Amino acid sequence: MLSYLLAPLSLLLVIGVAIDHQVIVNPIYSAFDRSLSRAALAIAAHIRRTPDGQLDIPVPDRPLAPLRSNAHEQFFYRVSTLDGRTVAGTADLPLVAAEKNSKGLDYADVTYRGTALRLVSYRTTEAGEPLVVTAGEIPFRRDRALHRMDVSFGINNSIQMLLMLSTALLGINIALRPLRRLREQIVGRAPQALSPLSTAQVPAEVRPLVDSLNTLLVSVRDSSLAQQHFLANAAHQLRTPLTGLKAQLEVLGQEASGSPLQARITQLHSGIDRLAHTANQLLALARAEPSAHLASHFTRVELHPLIAEVISSSLDRALQRDIDLGAECQPVQVHGVYWLLRETLLNLLDNAIRHTPVGGQITLRCGTEAGQPFLEVDDSGPGIPLAERERVRERFYHGAGSDGDSCGLGLSIVDEAARAHGAHFSILDSHGRHGARMRIDFPLPGDDTPPAARPVVKN
Amino acid sequence: MRILLVEDDSLVADAIVRGLSAEGYAVDRTAAAEPVSGLMEGTHYDLAIIDLGLPGEDGFALVRRLRRNGNALPLLIVTARDGLNDRVSALDLGADDYLVKPFALPELAARCRALIRRASAATSNELTIGQLRIDLAGRRALNPAGQVLELTRREWSILECLAHHSGRVVSKERLIQAIAGWDEDISSNAIEVHVSRLRGKLEGAATVRGIRGLGYRLEDI
């Protein structure tokens with residue numbers, strides 16, 4: 001902003017000084033001209049005619065003392081007759097042509113012996129003989145006076161300009177304060193918060209901006225809600241026919257038991273299962289996306305019973321693969337959405353069971369570390385290489401080790417759900433010899449505002 | 001055992017009827033809530049499976065109506081909705097269990113079995129877990145051969161608690177509460193000892209699986 005102001009202001013400064021110069025140059029010049037003409041008049045006053053009829057000038061070559069104030073100054077004069085004969089003074093000093101309307105005084109700028117001279121001529125009559133008194137000076141004094149004037153105008157104007165500039169900057173700064181507050185309000189929001197901005201402390205100038213921002217936010221929120229609604233509906237609509245297909249295939253599989261058709265039915269069955277899994281994951285993902293309506297779902301959630309419930313529901317799958325599934329829990333609670341946390345934990349456990357070899361071990365943990373609650377799922381699978389740890393969170397990502405049965409949404413749901421809780425999801429090495437440890441660190445307890453209404457701390 | 005299925009989707013209904021029939025249940029099916037009362041007047045059912053998303057009167061309204069009329073029939077809800085609120089309100093209204101679509105038929109059959117068992121235990125005071133028969137009134141357990149198992153008071157309390165929640169994980173804390181009197185202080189190590197003895201005595205009839213860090217689950221063999 002300063003650079004935008006500085007260039008035009010400097011131009012204004014130069015123009016201002018130039019105008020001042022123009023305004024002051026005539027009065028100064030006429031003042032000096034008057035002083036020069038007084039010298040000419042003084043010389044004229046000294047002209048006497050001697051008794052023998054000769055003209056006598058008692059001031060010879062030496063000019064009058066008050067007229068020579070300064071060494072730089074050179075003063076010339078010449079008294080001549082109308083026909084150009086020099087009576088006294090410098091004989092080759094140029095003469096000034098008489099103006100028609102002049103009252104005996106005429107001025108001119110000439111060059112004399114290579115220097116500029118200001119001349120004045122005064123026409124007088126001494127004892128009936130017309131005489132011309134010409135006086136000249138180097139315009140050093142007037143130029144210096146003018147120069148001083150210019151400098152003082154320059155300094156004056158610069159100071160004024162600087163004062164104006166700082167006043168303007170201060171004013172702009174104060175005027176922009178509400179915008180800055182608005183900016184802080186926007187920056188301080190959670191990235192997915194789509195609730196309208198508060199208009200309580202917004203001054204009238206910014207009000208239209210906030211209003212149009214709010215209109216935009218509301219329409220974005222509406223379309224995001226509509227999208228979630230659509231996804232949820234779509235998943236619901238998928239569930240019933242999927243249930244039918246799945247159950248029919250199960251019945252068919254039992255009826256075809258022992259026949260060659262059974263293998264194909266089993267294939268179909270696993271396809272239906274994958275489809276059902278994907279529909280469920282899509283639904284979970286749609287609902288995990290934090291939006292305004294989620295805030296009302298936040299309650300105190302005990303993590304230990306949650307782990308017990310999730311283990312209970314997955315226990316049979318783990319036992320089928322002879323996996324030792326267990327828990328290490330300290331009592332701890334978080335501020336969260338129960339079903340979302342359950343979905344998160346189910347996904348992490350599902351993931352762990354998929355990747356843990358037969359006879360392996362999976363441990364779910366909860367507790368606090370440095371006051372922060374955490375959830376962990378630790379498996380003895382192959383683990384996830386460092387390079388892949390970011391990419392596995394991407395939707396529909398299939399890593400080198402995935403079995404093709406998963407839809408690649410599980411960890412994105414976990415990531416999304418963690419963010420909705422203001423928590424941090426990280427993928428670490430197992431505490432065991434090998435394997436992955438999925439960990440969710442929750443924010444410090446005691447803050448009961450839902451994360452959507454609270455600034456997100458970036459790390 | 002007769003089951004009433006209230007499900008409007010014929011693909012699902014047909015599969016459930018076939019699946020449960022194969023398990024030995026007699027299944028009657030209706031596609032709407034309105035005829036349910038009439039059906040129940042003429043027939044004795046042991047369980048009703050109700051879909052929440054019915055045309056006309058929905059599953060919630062049906063459950064509420066049945067319970068308001070004093071009907072104590074075990075009710076299993078199946079639904080495509082899995083929101084916690086739906087689940088809570090269905091259970092609050094008086095449903096006994098809740099299953100989210102898509103489910104596997106064996107899972108549905110297991111839930112039906114558990115509900116019917118629980119209801120019959122309330123009337124007959126007897127529970128059957130696999131080969132194990134538990135006589136709640138007589139406070140005794142019988143093995144497949146019909147012999148009464150010799151259990152201490154604490155082993156019996158543990159078995160009773162596990163049997164009431166068979167198929168689910170029961171926490172150690174809960175078992176401690178089940179066996180500890182007012183003046184007793186029982187350590188979690190003591191529970192382990194009692195469970196291990198109980199496991200030995202149940203051998204051949206049922207087993208108690210320990211879940212690391214959580215508790216125990218009674219399983220049939």
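**Exercise 1.** Work out why A:Leu283 counts as buried in this predicted model.

*Solution.* Start with the neighbour count: A:Leu283 has 23 other C-beta atoms within 10 Å. Next, recall the cut-off, since a residue is called buried if 20 or more other C-beta atoms lie within 10 Å of its own. A:Leu283 is therefore buried. Now place the residue: A:Leu283 sits in helix 4 of chain A, which covers residues 261–288. Finally, try a distance. A:Leu283 and A:Phe230 are 53 residues apart in sequence, yet from C-alpha to C-alpha they are 9.8 Å apart in space.

**Exercise 2.** Follow helix 1 of chain A from end to end, and find where it bends and what its buried residues pack against.

*Solution.* First, the length. Helix 1 of chain A takes in residues 2–46, which is 45 residues. From its first C-alpha to its last it reaches 64 Å, close to the 66 Å expected at 1.5 Å a residue.

Second, the bend. Look at A:Ile24, where helix 1 of chain A bends by about 30°. A proline, A:Pro27, follows within four residues.

Third, the buried residues. In helix 1 of chain A these include A:Leu36, A:Ala40, A:Ile43 and A:Ala44. It helps to remember that an α-helix has 3.6 residues a turn, so residues three or four places apart point the same way. A:Ser37 and A:Ala39 are buried as well.

Last, the partners. The buried residues of helix 1 pack against four strands of chain A: strand 3 (75–81), strand 5 (105–112), strand 6 (115–126) and strand 7 (129–137).

**Exercise 3.** Over in chain B, sort out the sheet made of 3 strands and say which of them stand at the edges.

*Solution.* Begin with the order: the strands run 6-7-8 in an open sheet, with antiparallel pairing. Then count partners. Strand 6 (126–129) and strand 8 (140–142) of chain B each have a single partner strand, so they stand at the edges and one side of each is left without a neighbour in the sheet. From one strand to the next, the twist averages 20°.

Now zoom in on one pair. Strand 7 (residues 132–135) and strand 8 of chain B are joined in the antiparallel sense over 3 bridges. Here B:Arg133 stands opposite B:Leu142 of strand 8.

**Exercise 4.** Describe the side of chain A that touches chain B.

*Solution.* Start with both sides: the contact takes 25 residues from chain A and 24 from chain B. Then see what supplies the chain A side. Helix 3 (207–255), helix 5 (303–320), strand 9 (324–329) and helix 6 (338–355) each give at least two residues. Helix 3 of chain A brings the largest share, 13 residues. To finish, sort the chain A side by class: 12 nonpolar, 8 polar and 5 charged residues.

Methods. Residues are numbered from 1 along each chain as its sequence is written. Chains are lettered from A and ligands numbered from 1 in the order in which they are written. This is a predicted model: local features need pLDDT of at least 70, side-chain atom pairs count only at pLDDT 80 or more; totals for chains, interfaces and linings use all residues. The expected span of a helix is 1.5 Å times one less than its number of residues. The bend at a residue is the angle between axes fitted to the seven residues ending there and the seven starting there. A residue is buried if 20 or more other C-beta atoms lie within 10 Å of its own, exposed if 12 or fewer, and partly exposed in between; C-beta atoms are placed from the backbone. Two residues are in contact if their C-beta atoms, placed from the backbone, lie within 7 Å. Two strands pair if DSSP finds at least two bridges between them. Axes are lines fitted to C-alpha atoms, for helices over the stretch in contact, and angles run from 0 to 180 degrees between N-to-C directions. Ala, Val, Leu, Ile, Met, Phe, Trp, Tyr, Cys and Pro count as nonpolar, Asp, Glu, Lys and Arg as charged, and the others, Gly among them, as polar.
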